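Q: Could you walk me through this model in plain words? I am new to reading structures, so please take it slowly.

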Amino acid sequence: MSRAILISALVALASPVGAQQAQPFSTFQHDPTQPLEVFSDTLGVSQAANTAVFRGSVEAVQGELTLTADEMTVTYDEATGDVVRLVATGDVFLKSLLETAEGQFADYMVAEGTLNMSGDAMLTQGNNALSSDEMRIDLNTGSGEFIGRVRTIFVPTSQ
């Protein structure tokens, strides 16, 4: 059984209303047809590298997802201008309706809908928390996996 499936099963069992509680990564889904809006203190652009580097309180919003970090490098397709990749460093947070993931580094491949997060990666959902060295999130399916030493904290819903 894969670690992600095992963790999902444990989360469902941790609560007496497990079937009603959202599973890890279930609200981390993206809609690449939504506009990607980025806010920052500064912006540097390199036409030669097809990149834009946002620095200082960076916030990227796409639909229901918000990614924040100290710095983000956006790589775009030269021909279309579409965002291809977003690399975030320093105090990285990914927020959705019910979940928050955090770490020190994130690599978001926009077209593929995948996000890899590392550097004391942690996922919180309500009072429950899962942490590891790295987590991988598939934003198309709302599934993911934890890599490295995994620590899980389940808080009963009665608390």
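**Strands and their partners**

A: Let us begin with one pairing: β8 and strand β10, which covers residues 151–153, pair in the antiparallel sense over 3 bridges. Within that pairing, A129 has I153 in β10 as its bridge partner. Please keep in mind that this is a predicted model.

Q: Which other strands does β8 run antiparallel to?
A: Strand β7, residues 114–125, is joined to β8 by 10 bridges, and the two run antiparallel. Strand β9, residues 143–147, also runs antiparallel to β8, and 5 bridges join them. As an example from the pairing with β9, E134 stands opposite I147.

Q: What sits between the strands in those hairpins?
A: The hairpin of β7 and β8 has 2 residues between the strands, and G126 in this hairpin takes a positive phi near 65 degrees. The hairpin of β8 and β9 has 4 residues between the strands, and there G142 takes a positive phi near 70 degrees.

Q: Okay, zooming in on one residue: where is R136?
A: R136 lies in strand β8, which spans residues 128–138. Across the pairing with β7, R136 is the bridge partner of N116.

Q: Is R136 buried, exposed or partly exposed, and why?
A: R136 is partly exposed, because its relative accessible area of 37% falls between the 20% under which a residue is buried and the 50% over which it is exposed.

Q: What does the side chain of R136 make a polar contact with?
A: The side chains of R136 and E134 are joined by a polar contact of 3.2 Å. That E134 is the residue we met opposite I147 in β9.

Q: And how far is R136 from F146?
A: Their C-alpha atoms are separated by 6.5 Å, although R136 and F146 are 10 residues apart along the chain.

Q: What about Q125, where is it, and is it buried or exposed?
A: Q125 is found in strand β7. It counts as buried because its relative accessibility is 9%, and the cut-off for buried is under 20%. The side chain of Q125 also makes a polar contact of 3.3 Å with the side chain of E99.

Q: Changing topic, what is the chain built from overall?
A: The secondary structure comes to 1 helix and 10 strands, and along the sequence the pattern reads α-β-β-β-β-β-β-β-β-β-β. The chain has 159 residues, of which 36% count as buried. It exposes about 8,500 Å², with carbon and sulfur atoms supplying 52% of that area.

Q: How do β1, β2 and β4 pair with β3?
A: Strand β1, residues 37–39, pairs with strand β3, residues 51–62, in the antiparallel sense over 3 bridges, and V38 stands opposite A60 in β3. Strand β2, residues 42–46, pairs with β3 in the antiparallel sense over 5 bridges, with T42 opposite R55. Strand β4, residues 65–76, runs antiparallel to β3 and is joined to it by 10 bridges, with A52 opposite V74 in β4. β3 and β4 form a hairpin with 2 residues between them, where G63 in the turn has a positive phi of about 60 degrees.

Q: Which residues have a positive phi although they are not glycine?
A: Two examples are N50, with a positive phi of about 55 degrees, and S57, with a positive phi of about 45 degrees. For background, most residues other than glycine have a negative phi.

Q: Where are N50 and S57, and are they buried or exposed?
A: N50 is in the loop between β2 and β3, and it counts as buried because its relative accessibility is 15%. S57 is found in strand β3, and it counts as exposed because its relative accessibility is 58%.

Q: Last thing: how confident is the predictor?
A: The chain averages a pLDDT of 83, and 81% of the residues score at least 70. Over residues 1–21, however, pLDDT stays under 50, and for that stretch the model has 28 contacts beyond four places in sequence.

Methods:
Residues numbered from 1 in each chain as written. Predicted model: local features only at pLDDT ≥ 70, side-chain atom pairs only at ≥ 80, totals over all residues. Heavy atoms only, no water. Buried < 20%, exposed > 50% of the residue type's maximum accessible area, 1.4 Å probe, protein only. Polar contact = N/O pair within 3.5 Å; in protein donor to acceptor, adjacent residues only side chain to side chain. pLDDT = per-residue confidence, 0-100. Contact = heavy atoms within 4.5 Å. Pairing = 2+ DSSP bridges. Areas by Shrake-Rupley, 256 points an atom, 1.4 Å probe, with all protein chains shown as cover.
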